[in-house]
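Let's take a relaxed walk through this structure, starting with a covalent link and moving on to a few side chains. Have a look at the model first.

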Amino acid sequence: MESERAEVEAAAAYTIKRYPVAPGVRLNVRSGPGTNYQLVKVLQYGASVPINCQTPGETVTGPYGTSNIWDNIANGQFVSDAYVRTGSDGYVAIRCA
């Protein structure tokens with residue numbers, strides 16, 4: 001019983017938080033931290049994204065201000081932090097290596 005609870009708590013500690021994309025936005029996902037990078041896909045309205053790490057890149061203005069922070073949401077997939085509601089104007093995750 002105690003070991004099961006410890007396993008559940010350990011799994012919860014490694015759960016990556018998801019952040020909502022701005023309402024009414026179909027967000028472009030790029031292969032790198034800028035609009036000049038290849039378009040990988042477009043997120044649907046109401047999407048939320050995990051932030052694995054963050055990196056500086058092209059400065060973009062969006063619903064949540066102007067930022068040069070780009071969020072890595074999957075391997076080779078980045079979105080501008082100006083379109084993601086993180087509750088912060090700064091970094092909320094580790095810097096990408």
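A disulfide is a pair of cysteine sulfur atoms within 2.5 Å. Keep in mind that this is a predicted model. How many disulfides does the count come to? Just one. Cys 53 is joined to Cys 96, with 2.0 Å from S to S, so the pair falls within the 2.5 Å cut-off. Look at which parts of the chain this ties together: Cys 53 belongs to strand β5, residues 53–62, while Cys 96 is in the segment after β7 (77–80). The two are 43 residues apart, and the link connects distant parts of the chain. As for its twist, the link of Cys 53 and Cys 96 is right-handed, with 95° about the S-S bond. Is Cys 53 buried or exposed? Cys 53 counts as buried because its relative accessibility is 12%, and the cut-off for buried is under 20%.

Now over to strand β6 (residues 65–74), where you'll find Ser 67. With a relative accessible area of 11%, Ser 67 is buried as well. What surrounds Ser 67? Setting aside neighbours within four places in sequence, Ser 67 is in contact with Glu 58, Thr 59, Val 60, Asp 81 and Ala 82. Its side chain also has a polar atom 2.9 Å from the backbone nitrogen of Ile 69.

Last stop, the aromatic rings. The count of aromatic pairs comes to zero. Still, Tyr 91 has a charge over its ring: the charged end of Arg 95 sits there, 4.0 Å from the ring centre.

Notes: Residues are numbered from 1 along each chain as its sequence is written. This is a predicted model: local features need pLDDT of at least 70, side-chain atom pairs count only at pLDDT 80 or more; totals for chains, interfaces and linings use all residues. Side-chain values use heavy atoms; hydrogens and water are left out. Helices (H or I, at least four residues) and strands (E, at least two) are DSSP runs, numbered from the N terminus. Buried means under 20% relative accessible area, exposed over 50%, partly exposed in between (1.4 Å probe, protein chains only). Rings of Phe, Tyr and Trp (its six-membered ring) pair if their centres lie within 6.5 Å; planes under 30 degrees apart count as stacked, over 60 as edge-to-face and the rest as tilted. A charge sits over a ring if NZ of Lys or CZ of Arg is within 6 Å of the ring centre and within 35 degrees of the ring normal. A polar contact is a pair of N or O atoms within 3.5 Å; within protein, one must be able to donate a hydrogen and the other to accept it, and residues adjacent in sequence count only if both atoms are side-chain atoms. Contact means heavy atoms within 4.5 Å.
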